[in-house]
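This report describes one protein chain for a reader who has not seen it before. The sequence and the structure come first, and the text then moves from single residues to the whole.

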Amino acid sequence: MIQDELLTELAQVKTPDEAEQVRIKYLGRKGIITNLAKETDFSQLSPEEKKNFGRELNQLKNFATEKIQETVNRFSVHGSEKTQIHRLLDLTVPGSSCSLGALHPISMVQMELEEIFEGMGFTVLDSPEAETEFNNFESINIPSDHPARDMQDTFWLQNEMVLRTHTSSNQVRALKRFGAPFRGIFPGRCFRYESIDPSHENTFYQCEGLMVDRHISVAHLIGVMKTLLSEVFRRDVKVRLRPGFFPFVEPGFELDLNCLFCGGSGCSTCGDGWIELIPCGLTHPKVLEFGGIDPNEFSGFAFGLGLTRLAMMKYGIRDIRYFNSGDVRFYEQFAPII
Ligand code: DAH
C-alpha cells in the first residue's frame, strides 16, 4: 500500500530536507502518486470507474500532503512549540503551591522596635553573642563574688568567653566607643542555662536600651517607655514603676504595664491588673565610670526589654518553645499579608 510505504518513510525522516525528498518522491512531477494518473489508460474505464479512481486519487494526494506537512511541522519552531505547549499545558492538573517563607515573629517585633526607637533618636547597634566576662559581668557592676552571678547560670566557652546572658553586656562597650551623650538600643540573642518549659528557654531575645546625657532622670525613662509601649500596642497605655534590684542601675525598677485585656481590674492573664514587663533604672555611676564617662556631669537610664516575652504578649503565643522550633507553619501565622 502506498499509504503504508509513505508513513514508514516519513517516520524515518530526520531533517526538513529529507521530508522534501519524500514529497518529491510521492507528489513531485514524476512522483509515485502523480504517475498513477499518468499510467492509467482512462479509455478502458467506465464513467463510474473513472469517477471512483478520481476520488480515490484525490484522497491519496490529500493524505500524502497532510502527512508530509505534519512531518515538516515537526521541524519548524512554531510547530514544535505548539506541540510542546500542548504537552506541558494541562489545565486540569491542580496547581502546585510555592512557599514564600515568613519573617520570624521575633524579627517582626524587633524591626518594629527599631523603627520606634530610631524615631526617638536612638541608634540601633549590632553586638556579639560571645562576650568577655568583663563586658557581661564586671563592667556592669557584677563582680565575680557578687551574688547576682548565681542568678544567671551561664554557658562558658573554652576560650573563657561567655555566651552573653543578657544584652546589658553592651553598655560599657558602647560608652567607651561613642562617649556621651549616647542613645542606643542593642537587640539580640541571649543564652542561659535553663531547663526548658512553656515559659523558659535557654535561647531567647532581649533588647537593651541605654540613654546617657546631662540631667537624665526617671521622668525621661518613663516618657520613653510609655511612647514605646503605646506604639507597640497601638493605644495609650498606663505604666507603673516598682522598686527592683539590678547591680547596674540605681535606683532600679520593674516597669509594669496596666493589663490590656482587663484594663487593670485583674484577669487570668495578669492576676492583679498589672503585667511585669521591663526591668530598668538609672545607670549606676560605676557603669558610667567603666565607660569613661564622668558621673558628676552625665546621668542615664537603661532598660532590658524581653523581646521574646513581648512577641508572646503581642501575638498571644502561650508556649515559648515554638520560637526555636524551626516550624515554618508556626512562623507563617504571624506574617503580614502582602
Ligand atoms: N539584664 C537584665 C536581665 O537580663 C535586665 C535589665 C534590668 C536590663 C535592668 C537593664 C536594667 O538595662 O536597667 O535580667
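Leaving aside neighbours within four places in sequence, Tyr-315 is in contact with Pro-105, Met-108, Val-109 and Phe-334. The model is a predicted one. Tyr-315 lies in helix α12 and has a relative accessible area of 25%. Tyr-315 is partly exposed because this value falls between the 20% limit for buried and the 50% limit for exposed. Gln-333 comes 18 residues away from Tyr-315 along the chain, and the two C-alpha atoms are 9.8 Å apart.

Arg-318 sits in the loop between α12 and α13. With 72% relative accessibility, Arg-318 counts as exposed. Its contacts, again without neighbours within four places in sequence, are Pro-198 and Met-312. The C-alpha atom of Arg-318 is separated by 39 Å from that of Asp-213, which is 105 residues away along the chain.

**Backbone features**

Two residues other than glycine with positive phi are listed here.

| Residue | Phi | Location | Relative accessible area |
|---|---|---|---|
| Asn-141 | near 70° | loop between α7 (133-136) and α8 (148-151) | 15% |
| Arg-234 | about 55° | loop between α10 and β6 (239-243) | 64% |

Which of these residues is buried, and which is exposed? Asn-141 is buried, because its 15% is under the 20% limit. Arg-234 is exposed, because its 64% is over the 50% limit.

The model also contains cis peptide bonds. One runs from Ala-180 to Pro-181, with omega near 0°; Pro-181 is in the loop between α9 (171-178) and β4 (182-191). Another joins Glu-250 and Pro-251, where omega is about 0°, and Pro-251 belongs to strand β7.

**Nonpolar cores**

In soluble globular proteins, nonpolar side chains tend to be buried together. The largest nonpolar core here has 45 residues, and those with the most contacts inside it include Leu-113, Phe-117, Ile-278 and Phe-301. Among the elements that give two or more residues to this core are the helices α6 (105-119), α10 (218-233) and α12 (307-315), and the strands β5 (203-213), β7 (249-258), β8 (274-283) and β9 (299-306). Helix α10 gives the most, with seven residues.

Which residues does Phe-301 touch, leaving aside its neighbours within four places in sequence? Phe-301 is in contact with Phe-122, Gly-209, Leu-210, Met-211, Ile-216, His-220, Leu-221, Val-224, Gly-281, Leu-282 and Thr-283. A second, separate core has 19 residues, including Leu-125, Ile-142, Val-212 and Ile-293.

**The whole chain**

The protein has 13 helices and nine strands. Of its 338 residues, 40% count as buried. Among contacts with a separation of 6 or more, 65% are between residues 24 or more positions apart.

The radius of gyration is 41 Å, whereas a compact globule of 338 residues would have a value near 20 Å. Along its principal axes, the C-alpha trace spans about 130 × 50 × 40 Å.

The protein exposes about 19600 Å², and carbon and sulfur atoms supply 52% of that area. There are 35 positive and 46 negative charges, and their mean positions are 8 Å apart.

Technical notes
Residues are numbered from 1 along each chain as its sequence is written. This is a predicted model: local features need pLDDT of at least 70, side-chain atom pairs count only at pLDDT 80 or more; totals for chains, interfaces and linings use all residues. Side-chain values use heavy atoms; hydrogens and water are left out. A nonpolar core is a set of buried Ala, Val, Leu, Ile, Met, Phe, Trp, Tyr and Cys residues joined through side-chain atoms within 4.5 Å. Buried means under 20% relative accessible area, exposed over 50%, partly exposed in between (1.4 Å probe, protein chains only). Helices (H or I, at least four residues) and strands (E, at least two) are DSSP runs, numbered from the N terminus. Contact means heavy atoms within 4.5 Å. The radius of gyration is taken over C-alpha atoms; the globule rule is 2.2 Å times the number of residues to the power 0.38. Accessible areas come from the Shrake-Rupley method with a 1.4 Å probe; for residues, only the protein chains shown count as cover. Lys and Arg count as positive and Asp and Glu as negative; His and the chain ends are not counted. The place of a charge is taken as NZ of Lys, CZ of Arg, CG of Asp or CD of Glu.
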